[in-house]
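Work through the exercises below with the sequence and the 3D structure at hand. Each task is followed by its solution in steps.

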Amino acid sequence: MNDRDALVSPRDMVSSGLCTGCGGCVSLAGGAQARMAWDADGQLKPQGDRRWHEGRSAPFSERCPFSPLAANEDAIAAMRFPQAPHADPWIGRFEAAYVGHAAEAGYREQGSSGGMVSWVAAELLRRKMVDGIAHVAPADPREGAFFRYRIARDQASLRGGAKSRYYPVEMSAVLREMREVPGRYAVVGIPCFIKAVHLACRSDPVLRERIAFTLGLVCGHMKSRHMVESFAWQMGLGIDEVREVDFRVKNPDRPANWYTARLARRDGEVRMRDWWHLVDGDWGSGFFQNRACDFCDDVVAETADISFGDAWVEPYSSDGRGTNVVVVRSPALHRMLEDGRTEGRLALDPIDAAFVRETQAAGFRQRREGLAYRLAWKRSGVKPRKRVAPERRHLPLRRKLVYRLRHCITRGSAVMFRLARWLRRPRVFILWGRAALALYQGLTYSRGRLGRVFDRTEAFLTRMR
Ligand SMILES: Cc1cc2nc3c(=O)[nH]c(=O)nc-3n(C[C@H](O)[C@H](O)[C@H](O)COP(=O)(O)OP(=O)(O)OC[C@H]3O[C@@H](n4cnc5c(N)ncnc54)[C@H](O)[C@@H]3O)c2cc1C
Ligand code: SF4
Ligand code: SF4
């Protein structure tokens, strides 16, 4: 570190909209000094005494995953996987990639996708390659959150945590536990969290020795906890009545990409709604997105030992049983997958980087051309340092408007939700959301009357040029 002026504090990162809520900084601090707490937008953010919160230090600046002084994903991956036979500008270094699912009974059925995350985690425990898996499991909402990170030390508790949680969680408690309790661990997480884990390991020899594997989840973006409350409103419930949330109910008879949300009430009654019929259910529109995700350039957890996503291409998207794409970077995990294939416990076919990229086409557009455009916008606070260069002239006007609108929906949904809650009028948010969604879908997919207006305007402007 040679530029002390460039050091940043937790407060700098939060106020600049660059905090992903990982909890890495809080795990470094003394228990009484700092904690992760909900902010007004329903995201988890670090809070603490003033000295800690505003203190600009080298250790923090090198460990916060979005700090401009932290090592980037390329540097971390180059150190971790120097022998990787493949290096791709989109998915990073890797040993091999696959499409498929866990064939062994129970995993695919209980997983959000092909059940591969739980299978690999279970196999790590079974082979005694680790003593515990840090992952995200349901929690008691009366204690403040529907989901939390915890360490699963046996098969039953691991399997109880299967499925994707599009809900803010943070790692400070599990990082502390791994530091305090000797053993070998694996961590499951979204790309920015896995990056935070590896940055922590660089400066913390105890964590470096104990965290043996990282299992990355491909990530579109993180949602706010307010999305669950909005889903509850739209299903005729108050958030205090909800006991359990399932973001993706599995139904083998419907395409995998037709998400259905399920909320269970305290009295046992269950309500379900397709995401399509929820105003905030179009993933690409950016409702309730964490602001930091606007500055993310890692789609597939490039620093993880292995990454898992959904195979969002046909015929897999239409297969409601769920299918993973898997990118493996650790030779030990590569051998584990090959053993699983040989033993008939995994149904995986080898694929190349282009196939993986195609399955995440929308995520890569948002994190490459979209990121380049957003980086060119004027903004105050800490300047993010990314592997993508700022560029404002590479996109047609309509595409720029899509990125502008998505950003406005992210910010607008946070504000309108708070207003509706303050007024105790959920309809204020729902009506605003409906209008914002119609505008977004008209602009992006030429849907509806607004879509025709955008198409005609675009054709007119093209003719005038
Ligand atoms: C916020 C978020 C965004 C995502 N965006 C995309 C995307 O754009 N494209 C895509 O292809 N895939 C995305 N995924 C990954 C996808 O939803 C599946 O998690 C992945 O395909 C693995 O499915 P599986 O059936 O193998 O996992 P399962 O066998 O169901 O196991 C999932 C494991 O992940 C853990 N887990 C769940 N949620 C979290 C969380 N928030 N943080 C840490 N660990 C967690 C669970 O505890 C469990 O151990 C996203 C996941 C999350 C959490
Ligand atoms: S991104 Fe993580 S390390 Fe950085 S400020 Fe937020 S919680 Fe702390
Ligand atoms: S999009 Fe990037 S910054 Fe946002 S939650 Fe996912 S990995 Fe983290």
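**Exercise 1. Locate Lys-163 and describe its backbone.**

Solution. Step 1: in this predicted model, Lys-163 sits in the loop that runs between helix H8 (155-159) and helix H9 (172-180). Step 2: the phi angle of Lys-163 is near 100 degrees, a positive value in a residue that is not glycine. Step 3: for comparison, most residues other than glycine have a negative phi.

**Exercise 2. Find the place of Pro-315 in the chain and state which kind of peptide bond, cis or trans, joins Glu-314 to Pro-315.**

Solution. Step 1: Pro-315 belongs to the loop between S13 and strand S14 (324-328). Step 2: the bond between Glu-314 and Pro-315 has an omega of about 5 degrees and is cis. Step 3: most peptide bonds are trans.

**Exercise 3. Describe the surroundings of ligand 1, from the nearest residues to the buried area.**

Solution. Step 1: ligand 1 has 31 residues around it, and those that come nearest are Ser-113, Ser-118, Val-136, Ser-164 and Asp-310. Step 2: sort the shell by class, which gives 12 nonpolar, 15 polar and 4 charged residues. Step 3: assign the shell to secondary structure. At least two residues each come from helix H7 (116-126), strand S6 (132-138), strand S8 (185-189) and strand S13 (306-310). The most, 3 residues, come from H7.

Step 4: look for polar contacts, taking N or O pairs within 3.5 Å. A polar backbone atom of Ser-113 is 2.7 Å from an oxygen atom of ligand 1. For Asp-310, a polar backbone atom is likewise 2.7 Å from an oxygen atom of the ligand. With Gln-360 the partner is a side-chain N or O atom, 2.8 Å from an oxygen atom of ligand 1. Step 5: ligand 1 exposes 930 Å² when taken alone, and the protein buries 97% of this area.

**Exercise 4. List the residues around ligand 2 and around ligand 3, and sort each shell by class.**

Solution. Step 1: around ligand 2 are Cys-19, Thr-20, Gly-21, Cys-22, Gly-23, Cys-25, Met-36, Pro-46, Phe-60, Cys-64 and Pro-65. Step 2: this shell holds 8 nonpolar and 3 polar residues, and no charged ones. Step 3: the residues around ligand 3 include Cys-192, Cys-219, Cys-293, Cys-296 and Arg-367. Thr-20, listed for ligand 2, is also among the residues around ligand 3. Step 4: the shell around ligand 3 has 8 nonpolar, 3 polar and 1 charged residues.

**Exercise 5. Which parts of the protein line the second largest pocket?**

Solution. Step 1: the pocket has a volume of about 240 Å³. Step 2: its lining consists of 20 residues, with Asp-39, Asp-41, Gln-43, Lys-45 and Arg-291 nearest the centre. Step 3: by class, the lining has 7 nonpolar, 7 polar and 6 charged residues. Step 4: helix H17 (residues 397-423) gives the largest share, 5 residues. Step 5: domain 1 (6-223 + 289-365) and domain 3 (390-464) each contribute at least three residues to the lining.

Notes:
Residues numbered from 1 in each chain as written. Chains lettered and ligands numbered in written order. Predicted model: local features only at pLDDT ≥ 70, side-chain atom pairs only at ≥ 80, totals over all residues. Heavy atoms only, no water. Near = heavy atom within 4 Å. Polar contact = N/O pair within 3.5 Å; in protein donor to acceptor, adjacent residues only side chain to side chain. Areas by Shrake-Rupley, 256 points an atom, 1.4 Å probe, with all protein chains shown as cover. Helix = DSSP H or I, 4+ residues; strand = E, 2+ residues; numbered from the N terminus. Nonpolar A, V, L, I, M, F, W, Y, C, P; charged D, E, K, R; others polar. 1 Å grid on protein atoms, 1.4 Å probe; cavity = no way out; pocket = protein on both sides within 12 Å on 5 of 7 lines; lining within 4 Å. Points joined across faces, edges and corners; volume = space filled by probe spheres on them. Domains from an automatic or database assignment.
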